[in-house]
Amino acid sequence: MEKESLWTKEFLIISLISFLSMLIFYLSIVCMAPYTTTEFNASASTAGLASGIFVLGSLCGRLGAGRQIGIVGANKILWIGLIIFAITTALYIAAFSLELLIINRFVQGLGVGIVATGTGTIVAHLVPKSRKGEGIGYFSLSIILAMAIGPFVGIMLMNVKNGFDIIFILNTIIAVLCIIIYAFVKLNLPISKQDSEENEPEQKSWIWKFIERKSLPIAFIALLVGFGYSGIMSFISFYALEINLVTAASYFHLVYAIVAMLSRPVTGKLFDVKGGNMIVYPCLIVLALGMLLFSQATAGWMLLLAAGFIGLGHGNFNSIAQTIAVKVTEPQYFGLATSTFFTLMNFGFGVGPYILGFFVSTYGYRTIYVSSAILFVICIPIYHLLHGRRDKELLQASD
């Protein structure tokens, strides 16, 4: 039997938009704190605010977009997100005060959250049911690539003359390019009037208008995993300096990305055939082992081997968990499911460094990474209780 088409023009363009928007995200993340301290003489805490408020804006954007997609459609939502994103990206050049910069960062975060929810929802509709795991796995590679390339380009450009100006101009060109290429996409996706009483007779609280109940269990697991992984995202440079492995640490995300990219197509196909448990249980185990090895690294090869384990575990868990979040919901609620999943996952990423940071000075980096490894092990029975024990039943019911 011939497979349903996956590599359509629309799928490729939406994946490219996801890659380019996330490229700007990761590129700006590495340069924003140095830019605020250099340009505005900001303190470390203020620089952290300027960098982190972007994530808060993204969370708000995802929540709002997830709700509105079911009302106005993913097409219009993505247009709105791309326009906000392009305008705010260009405004960095005109942000002459720290206050304006912080406000612009928040609004740009809104745009990124809307764009990410829009692209994720559209892809969920474009990918055939029989190839959901494979298709979303390929799509999520756009984020992995951006995560590997963005910080590398950002660090490289910061070290050249007028580097920050070059970064802002490059980001603006990329953001405008996203709008241009999206004009070539013609879609006819379903719209569900989620505000209607017929569709939500059982919903008593306003919060369920922004959160998809069926995707909440796997999204909660993603929150815990994101919390544990956030320690690497935020503290790897300090940790590498402490253990004298700065050179090896500079290749961490590259190794992570390569392993995730090579394994995603395989795990995506396995999911479509065997279901989520076949991937999630091993991913959590491998992720815990990788974090444990990372916490005890004393040589470059150990750090990079840990990067491979973490890329295999964390990189594949994210794509499969996102696929589960979509698969357990009805098509008209794909937008809400995508928003719910990424909102909780990003919340874990956002709050993790803040909480873990309290313990670093007392217990050290190695201890918090061991704690993260233990958290990933604890996630196994939690996943089993919330989803794993009914994995086949839930996924088959959604089909």
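Trainee: Which helices each supply at least two residues of the nonpolar patch?
Mentor: First, a heads-up: this is a predicted model, where local features need pLDDT of at least 70, side-chain atom pairs count only at pLDDT 80 or more, and totals for chains, interfaces and linings use all residues. Residues are numbered from 1 along each chain as its sequence is written, and side-chain values use heavy atoms, with hydrogens and water left out. Helices here are DSSP runs (H or I, at least four residues; strands are E, at least two), numbered from the N terminus. On that basis, the helices you want are α10 (277-295) and α11 (300-327).

Trainee: What accessible area do the patch residues have together?
Mentor: A patch takes residues with over 30% relative accessible area and no salt bridge, joining nonpolar side chains (Val, Leu, Ile, Met, Phe, Trp, Tyr) within 5 Å and like charges within 9 Å. Areas come from the Shrake-Rupley method with a 1.4 Å probe, and for residues only the protein chains shown count as cover. The members are Ile285, Leu289, Trp301, Leu305 and Phe309, and α11 gives the largest share, three residues. Together they have about 500 Å².

Trainee: How many helices does the protein have?
Mentor: Read along the sequence, the pattern is α after α from start to finish. There are zero strands, and the helix count is 14.

Trainee: What radius of gyration does the protein have?
Mentor: The radius is taken over C-alpha atoms, and the globule rule is 2.2 Å times the number of residues to the power 0.38. For 399 residues, a compact globule would come out near 21 Å, and the protein agrees with that. The C-alpha trace spans about 55 × 45 × 45 Å along its principal axes. The radius of gyration itself is 20 Å.

Trainee: Which helix brings the largest share of the largest nonpolar core?
Mentor: A nonpolar core is a set of buried Ala, Val, Leu, Ile, Met, Phe, Trp, Tyr and Cys residues joined through side-chain atoms within 4.5 Å. This one has 99 residues, and Ile232, Phe294, Phe317 and Tyr369 touch the most other members. The largest share, 14 residues, comes from α7 (residues 216-242).

Trainee: Is Met291 buried or exposed?
Mentor: Buried means under 20% relative accessible area, exposed over 50%, and partly exposed in between (1.4 Å probe, protein chains only). Met291 lies in α10. Leaving out residues up to four places away in sequence, Met291 touches Ile232, Ile310 and Tyr369, among others, a contact being heavy atoms within 4.5 Å. With a relative accessible area of 0%, Met291 is buried.

Trainee: How many residues apart are Glu330 and Lys214?
Mentor: These two meet in a salt bridge (2.5 Å, N to O), meaning a side-chain nitrogen of Lys or Arg within 4 Å of a carboxyl oxygen of Asp or Glu. Both ends are partly exposed, Glu330 at 29% relative accessible area and Lys214 at 42%. Glu330 sits in the loop between α11 and α12 (334-363), and Lys214 in the loop between α6 (163-182) and α7. Along the chain they are 116 residues apart.

Trainee: Which residue forms a salt bridge with Arg131?
Mentor: The whole structure holds three salt bridges, one of them joining Arg390 and Glu393 at 3.3 Å, N to O. In the Arg131 pair the closest N and O atoms are 3.0 Å apart, and both residues are buried. The partner is Glu134.
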